[in-house]
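Please look at the sequence and the model before reading on. The paragraphs after them form a guided explanation, moving from the whole chain to single residues.

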Amino acid sequence: KDDLPVDNDAWAYVAPPRKAKVLLVTDGNFYLEKALSILPNVEATRVDAASYVGQGGYDVVIFDDVSPERVGPGNLLYIRKAGPNAPAEVTGQVSHPGIVDWNRSHPLTRFVNFGGILLRSSESIKPAPWAQTLVETQEGPLIVAGERTGLRSIYVGFHLVEDSNFPVKVGFPVFIANCVQWLAQRPGQGEATQARTGDVVTV
């Protein structure tokens with residue numbers, strides 16, 4: 001109640017949720033398919049490796065143990081095998097590596113505890129100069145992610161089912177949700193819709 005009534009009201013426009021279109025390229029992965037199926041606002045389509053020809057129309061493309069010769073539009077998640085625009089190059093393999101540290105503040109690893117994950121094997125990798133290491137073993141980087149020229153990509157250096165017990169951990173669906181959310185994010189959106197009290201959120 002002052003002499004300037006024009007500033008008494010505030011308005012905000014909240015855009016309706018948009019479904020993220022995800023293409024899963026796999027020859028079969030029950031846990032990964034289940035994790036994608038329970039995500040709200042995600043429309044997931046599965047094709048086998050032989051059927052992927054770089055088709056477009058997807059926000060996110062997940063390659064599950066698949067190394068394509070070329071990729072179509074969309075941000076990328078590589079699991080175990082790398083390919084075009086991957087943030088890492090596979091240089092070899094190591095047995096029974098132990099996770100020693102992970103970035104707890106990055107949107108991909110937020111709310112995920114990697115401490116209890118047991119690995120039978122993982123790929124030894126060389127991260128790209130533009131990539132950031134998010135999870136590390138005593139043998140080197142395990143999960144890396146990066147962004148360049150408007151393209152985001154993630155590399156996970158182990159097979160989710162054959163090489164680890166990660167799919168039976170509480171953090172697994174959270175990690176997949178984080179990956180899809182980060183990869184599907186469009187320019188100008190905040191880094192995450194989930195935030196702890198006291199976090200700084202970019203608008």
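What follows is an account of a predicted model, beginning with the overall fold.

The protein contains two helices and 10 strands. Followed along the sequence, these elements come in the order β-α-β-β-β-β-β-β-β-β-β-α. A box of roughly 75 × 40 × 35 Å, taken along the principal axes, holds the C-alpha atoms. Of the 203 residues, 44% count as buried. The accessible surface comes to about 11200 Å², and 51% of that surface belongs to carbon and sulfur atoms. Contacts across the sequence can be described as well: among those between residues at least 6 apart, 58% join residues at least 24 apart. As for charge, the protein has 18 positive and 22 negative charges, and the mean positions of the two groups are 3 Å apart.

Helix 2 deserves a closer look. This helix covers residues 171-184, a run of 14 residues. From its first C-alpha to its last it reaches 20 Å, close to the 20 Å expected at 1.5 Å a residue. Why is helix 2 described as largely enclosed by the rest of the structure? The reason is that 10 of its 14 residues are buried. The buried residues are Gly-171, Phe-172, Phe-175, Ile-176, Asn-178, Cys-179, Val-180, Trp-182, Leu-183 and Ala-184. In reading such a list, one general point is useful: an α-helix has 3.6 residues a turn, so residues three or four places apart point the same way.

Two of these helix residues reappear in the surroundings of residues elsewhere in the chain. One of them, Leu-183, is touched by Asn-75, a residue of strand 4, which spans residues 75-79. Is Asn-75 buried or exposed? Its relative accessibility is 10%, and therefore Asn-75 counts as buried, the limit being under 20%. Beyond residues up to four places away in sequence, Asn-75 also touches Asp-59, Val-60, Val-61, Gly-150, Leu-151 and Arg-152. With Arg-152 there is a specific polar approach: the backbone nitrogen of Arg-152 lies 2.9 Å from a polar atom of the Asn-75 side chain.

Leu-151, another partner of Asn-75, belongs to strand 10, residues 151-156. Leu-151 has a relative accessible area of 18% and is buried. Apart from neighbours within four places in sequence, Leu-151 is in contact with Gly-74, Asn-75, Asn-85 and Gly-146. Its C-alpha atom is separated by 15 Å from that of Pro-129, which lies 22 residues away along the chain.

The other helix residue is Asn-178, which is in contact with Thr-109. Thr-109 is located in the loop between strand 6 (99-102) and strand 7 (121-127). Although Thr-109 is in a loop, its relative accessible area is 1%, so Thr-109 is buried. Its contacts, leaving aside neighbours within four places in sequence, also include Asn-103, Arg-104, Phe-114, Leu-134 and Val-135.

The last step concerns the backbone. Most residues other than glycine have a negative phi. Where, then, is a positive phi found in a residue other than glycine? One case is Asn-41, with phi near 60°. Asn-41 sits in the loop between helix 1 (30-37) and strand 2 (42-47), and with a relative accessible area of 35% it is partly exposed. His-96 is another case, with phi near 45°. His-96 lies in the loop between strand 5 (88-95) and strand 6, and at 59% relative accessibility His-96 counts as exposed.

Notes. Residues numbered from 1 in each chain as written. Predicted model: local features only at pLDDT ≥ 70, side-chain atom pairs only at ≥ 80, totals over all residues. Heavy atoms only, no water. Helix = DSSP H or I, 4+ residues; strand = E, 2+ residues; numbered from the N terminus. Expected span 1.5 Å × (residues − 1). Buried < 20%, exposed > 50% of the residue type's maximum accessible area, 1.4 Å probe, protein only. Contact = heavy atoms within 4.5 Å. Areas by Shrake-Rupley, 256 points an atom, 1.4 Å probe, with all protein chains shown as cover. Lys, Arg positive; Asp, Glu negative; His and termini not counted. Charge placed at Lys NZ, Arg CZ, Asp CG, Glu CD. Polar contact = N/O pair within 3.5 Å; in protein donor to acceptor, adjacent residues only side chain to side chain.
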